[in-house]
Amino acid sequence: DINVALLKSTNKIKSNLISKGEILEGSVKKRKITPETYDAATEMMYEFGSRGKDTLDRLMIENIDWKNGVIEEWSTGYGHKGTEARINIPLKEVIPELWNKLVKVKGDRTEGQLFKTIAGEVLTRNDINKLNKQYLPKDIVLTGEKGTIQIVDYRRMATTDASKTGRADI
């Protein structure tokens, strides 16, 4: 399965980036991003099939119960067909490895968007797309329009995986 191969390869690459500890460059050179932030943001998009805007702009630190590991509210914005805010997601219990990544990304901040550059700017789809193009596997043939993994592809992968379980509606 292409998603499984891609995820294994991607996880290894992101793990190596974290081990090296080198700061990554976003859509423009001045946008510095930690590899941990890149890893956690892309994993959230894949695990939840969330839109980039939902993950990068609407996942707020103050809407997460950091003591109990629960995302209390995660807005999906207005006007999206068939979507409502995600509420009471027991992330620490269900995906503890991802929860630990979020805790590290949050650091000592108490409010604002979770995924930010080192300078405190909100991560953008252009940042993620640039990093994907730069770091993700070139040996896996992708059928997307651009031949690289774009931010929208995380949602598509989650939908594809859900449909294989007979639950594309989740």
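**View 1. Helices H2 and H6 sit roughly perpendicular to each other.** This is a predicted model, and the crossing of these two helices is a good place to start. The axes of H2 and H6 cross at roughly 100° and come within 11 Å. An angle of 65 to 115 degrees counts as roughly perpendicular, so that is the word used for this pair. From H2, the residues that meet H6 are Tyr-38, Ala-41, Thr-42 and Met-45. On the H6 side, look for Ile-128, Leu-131 and Asn-132. Sort the residues of this contact by type and you get 5 nonpolar, 2 polar and no charged.

**View 2. Here is the largest nonpolar core, with 33 residues.** Which of its residues touch the most other members? They are Tyr-38, Met-44, Leu-59, Ile-71, Leu-91, Phe-115 and Ile-128. Several elements chip in: H1 (2–20), H2, S4, H5, H6 (125–135) and H7 (151–164) each supply at least two residues of this core. H2 gives the largest share, 6 residues. Two names carry over from the first view, since Tyr-38 and Ile-128 also take part in the meeting of H2 with H6.

**View 3. Now zoom in on Leu-91 and the residues it touches.** Leaving aside residues up to four places away in sequence, Leu-91 touches Met-44, Phe-48, Gly-69 and Ile-71, among others. Its list also includes Pro-96, Leu-98, Trp-99 and Leu-102. Met-44 and Ile-71 turn up with Leu-91 among the core residues that touch the most other members.

**View 4. Helix H5, residues 96–106, has a buried side.** Its buried residues are Leu-98, Trp-99, Leu-102, Val-105 and Lys-106. Why do they lie on the same side of H5? Because they cover an arc of only 120° around the axis. Turned away from that buried side is a face with the exposed residues Glu-97, Asn-100 and Lys-104. And what covers the buried residues? Helices H2 (35–48) and H4 (91–94) are part of the cover, along with strands S3 (64–65) and S4 (70–74). Just after H5 comes Gly-107, with a positive phi near 60°.

**View 5. Ser-9 and Pro-137 meet up across the sequence, 6.7 Å apart in space from C-alpha to C-alpha.** Along the chain, these two residues are 128 residues apart. Ser-9 is found in helix H1. Is Ser-9 buried, exposed or partly exposed? Its relative accessible area is 21%, which makes Ser-9 partly exposed, since buried means under 20%.

Notes
Residues numbered from 1 in each chain as written. Predicted model: local features only at pLDDT ≥ 70, side-chain atom pairs only at ≥ 80, totals over all residues. Heavy atoms only, no water. Buried < 20%, exposed > 50% of the residue type's maximum accessible area, 1.4 Å probe, protein only. Helix = DSSP H or I, 4+ residues; strand = E, 2+ residues; numbered from the N terminus. Arc of directions from axis to C-beta. Contact = heavy atoms within 4.5 Å. Core = buried A, V, L, I, M, F, W, Y, C linked by side-chain atoms within 4.5 Å. Axes fitted to C-alpha atoms, helices over the stretch in contact; angles between N-to-C directions. Parallel < 35°, antiparallel > 145°, perpendicular 65-115°, else oblique. Nonpolar A, V, L, I, M, F, W, Y, C, P; charged D, E, K, R; others polar.
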